[in-house]
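User: I am new to this structure. Please show it to me, and then let us work through some questions.

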Amino acid sequence: MTFRRKPDAPRRDVAAEITNLIIEKLESGVLPWSRPWGLTGAGGRPLRHCGTPYTGINTLYLWAIGDARGYSSRTWMTYRQAEELGGQVRRGERGSLSVYFSSFSKTETDRVTGAEATKNIRFLRSYIVFNVDQIDGLPSYYYPTIAAPEPRVESEHRAAIDGFFGALPGTLRHGGDQAYFSPIGDYIQMPNRGAFRSDDHYASTLGHEYTHWSGAASRLDREFGKKFGDNAYAFEELVASIGQCLICAELGLPGDLHDNHASYIDHWLRILKSDSSAIIKAASKAEQAFNYLRDLARPASHDASGDAKVEWHEPEALAA
C-alpha cells in the first residue's frame, strides 16, 4: 500500500508540525527529550525497523510522539517495511513523520553578464512511520516485554558514568553550590559529587555542562549568548538540555534527572514560536555535540601497528 498526496492537497509544513508538538509538550510542562525513555518501557533512542537508532530531530519528535500516545516500543517502521516483515498496520492507526534533508541543483543565469551559476538547494522531506505498538503480526522480538519496575541500584551505572566522563578532556573543578561552564576560563565547575542526590543526578548535570563545553570556539564553535534571556543564550541552553538527555540515554540513566529547566521554558517557547526551524537546528547541534563527546570518551581504536587512531565525522544536520 502506497500513500500519495492528492494533487490539490496543500503541502505539509513539516517543520511547523514538529515545532507545534514540541511547543504543546513544553506548555504542558513536559520536556519531550527528557523523560520518554523512562515512561515507554524501553530505554534509549527510537529505532528503525533494522535496529539503527534515529538521530537529529527524529529522536526528539518520535520520543514526543511515543510519550504523547503511550507507546511501549521504541521501534518504528514504514507501512511497506511492516508488510515485508509479515506485519499489518491496524486499521485506523495514525502514522507519524520521519524527516530528512534532500537536495537538488538549480542553474541560474545572470541577466547582466550571462554567466551561469549552479546552486545546491536543500529542502526538508518526510515519510510516514508507525510504532510497533500499532502493528500486528510482526516477529515476536519486535514486541517489548514490559517488566515490573524494580528499585534502581544506586551503583548500577557507576562504571558507565566513570568510563564516559573519565575519558573526556577538559578542566573539571569541584566545589561550591553551582554547576556551570566558564567560556572565559574554559573549565567546568561542579558541586562536589556527594552533594548530589545520586550519581545519576551528578552525571546528568555533568552531561549538561560538557555539552556547553563542546561548543567552545576551539571545539564545535557554537555561539554563546551574552546574558540570560537573550535568544542566543536560550538557544544554547536548549542545545545543552537536549545534549544532556542524549548522554543520559547513552548511559542508561533515568531521563527525568535535571530539574532546573523551568526558568528556560518561556525563552524556548518564544524562540520556537518565532522560528519553526529552531528546534530542528537545536536537535542537530545537540546531536553534533553528543557525537563529539561520545567519540572523545571512546577508547582509541588501534591499528595493526598499535598506533592509536581516532576518527570523527560531523553528522548530517538531519538524518532519517
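User: In which helix does Y292 lie, and what is its relative accessibility?

Analyst: This is a predicted model, where local features need pLDDT of at least 70, side-chain atom pairs count only at pLDDT 80 or more, and totals for chains, interfaces and linings use all residues. Residues are numbered from 1 along each chain as its sequence is written, and side-chain values use heavy atoms, with hydrogens and water left out. Y292 lies in helix α9 (helices are DSSP runs of H or I, at least four residues; strands are runs of E, at least two; both are numbered from the N terminus). Y292 counts as buried (under 20% relative accessible area; exposed is over 50%, partly exposed in between; 1.4 Å probe, protein chains only), because its relative accessibility is 16%.

User: How many residues does helix α9 give to the largest nonpolar core?

Analyst: A nonpolar core is a set of buried Ala, Val, Leu, Ile, Met, Phe, Trp, Tyr and Cys residues joined through side-chain atoms within 4.5 Å. The largest one has 61 residues, and F165, L272 and I279 have the most contacts inside it. Helix α9 (residues 278–297) supplies the largest share, 11 residues.

User: Which residue in β8 stands opposite both R173 and Y180?

Analyst: Strand β6 (residues 171–174) pairs with β8 in the parallel sense over 4 bridges (a pair needs at least two DSSP bridges). Strand β7 (residues 180–182) pairs with β8 in the antiparallel sense over 3 bridges. R173 stands opposite Q189, and Y180 also stands opposite Q189.

User: Are the faces of strand β8 covered or open, and by which residues is this shown?

Analyst: In a regular strand the side chains alternate between the two faces of the sheet. In β8 (residues 187–190), Y187 and Q189 are buried on one side. I188 and M190 are buried on the other, so both faces are covered.

User: Which residue forms a salt bridge with D186, and how far apart in sequence are the parts that this pair ties together?

Analyst: A salt bridge is a side-chain nitrogen of Lys or Arg within 4 Å of a carboxyl oxygen of Asp or Glu. R219 and D186 meet this at 2.5 Å, N to O. R219 lies in the loop between α6 (199–214) and α7, and D186 in the loop between β7 and β8, so the pair with R219 ties together parts that are 33 residues apart in sequence.

User: Is R219 buried or exposed, and what about D186?

Analyst: R219 has a relative accessible area of 18%, so R219 is buried. D186 has 30% relative accessibility, so D186 counts as partly exposed.
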